Amino acid sequence: MHTFSDDMKSQLHTVNFTSVALNRKIQADLILPAHPDKEKLYPLLILNDGQDVQPMKMKHIIEEVWNKNISRPFILVAPYAYNRLDEYGVANNLDFKKRGKLASVYTTFITYELLPQLKQKIAVS
């Protein structure tokens, strides 16, 4: 198990990404180690409903996880919800209430827009 010599701290930023697929700007919260090692690739966790990251005190939760050696440091990106009932879901499969019709478009945003934009700025794996 990875251990740390001192308390791990994180930094939280609210950032914007451009989405052609969704035809709008996407606001997201980004949490990363306070002093990221520029030579290291960090695992990436994508969390929907980014607007809940700060009220849930996710920065504190992540620091606890790191400091208790539950997980090695990672980067979290959490896009804010816009049309969650249609954007979230299984791509190409509507739920029983016919929700999720934009899940394929949201998948395109994550795969071809968010990840490349993020990888231009931060070393994520």
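Colleague: Let me start with β4. How many of its residues are buried?

Modeller: Keep in mind that this is a predicted model. A residue goes down as buried when its relative accessible area is under 20%. For β4, 5 of its 5 residues are buried, and the strand is mostly covered.

Colleague: And which way do the residues of β4 point?

Modeller: Take the strand residue by residue and sort them by direction. I75, V77 and P79 point one way from β4, L76 and A78 point the other way, and all of them are buried.

Colleague: Where does β4 sit in the strand order of the sheet?

Modeller: Read the order across the sheet rather than along the sequence. Here the sheet is open, its 4 strands are ordered β1-β2-β4-β3, and the pairing is mixed. β1 (10-19) and β3 (44-46) are at the edges with a single partner strand each, so one side of each has no neighbour in the sheet. On average, neighbouring strands are turned by 25 degrees against each other, direction ignored.

Colleague: "Mixed" needs unpacking. Which pairs run parallel and which antiparallel?

Modeller: Go through the sheet pair by pair. β1 and β2 are antiparallel, with 10 bridges. β2 and β4 are antiparallel too, joined by 4 bridges. β3 and β4 (residues 75-79) run parallel, and 3 bridges join them.

Colleague: I'd like some residues to click on. Which residues stand opposite each other in β4 and its neighbours?

Modeller: Pick one partner pair for each strand pair and step out from there. Between β3 and β4, I46 is opposite V77. On the β2 side, I31 faces L76 of β4. For β1 and β2, try Q11, whose bridge partner in β2 is L32.

Colleague: How many residues lie between β1 and β2 in their hairpin?

Modeller: Look at the link between the two strands, then at its backbone angles. There are 4 residues between β1 and β2, and N23 in the turn has a positive phi of about 60 degrees.

Colleague: Now the helices. Which strands does α3 lie across?

Modeller: Check which strands the helix touches, then take its direction against one of them. Helix α3 (residues 103-121) lies across β1, β2 (24-33), β3 and β4, and runs at about 120 degrees to β1.

Colleague: D86 caught my eye. Why does it count as buried?

Modeller: The test is the same cut-off, under 20% relative accessible area. D86 has 12% relative accessibility, so it counts as buried. D86 belongs to helix α2 (residues 84-87). Beyond its neighbours within four places in sequence, D86 contacts K98, R99, G100, K101, L102 and A103.

Colleague: Let's zoom out. What pattern does the chain follow along the sequence?

Modeller: List the elements from the N terminus onward. The chain has 3 helices and 4 strands, in the pattern β-β-β-α-β-α-α. Sequence separation is worth a look as well: of the contacts between residues at least 6 apart, 67% join residues at least 24 apart.

Colleague: And the overall numbers for the chain?

Modeller: Take the box first, then the surface, then the charges. The C-alpha atoms fill roughly 50 × 30 × 25 Å along the principal axes. Of the 125 residues, 34% are buried. The exposed area is about 7,800 Å², with carbon and sulfur atoms supplying 53% of it. As for the charges, the mean positions of the 16 positive and 13 negative ones are 4 Å apart.

Conventions
Residues numbered from 1 in each chain as written. Predicted model: local features only at pLDDT ≥ 70, side-chain atom pairs only at ≥ 80, totals over all residues. Heavy atoms only, no water. Buried < 20%, exposed > 50% of the residue type's maximum accessible area, 1.4 Å probe, protein only. Contact = heavy atoms within 4.5 Å. Areas by Shrake-Rupley, 256 points an atom, 1.4 Å probe, with all protein chains shown as cover. Lys, Arg positive; Asp, Glu negative; His and termini not counted. Charge placed at Lys NZ, Arg CZ, Asp CG, Glu CD. Pairing = 2+ DSSP bridges. Axes fitted to C-alpha atoms, helices over the stretch in contact; angles between N-to-C directions.
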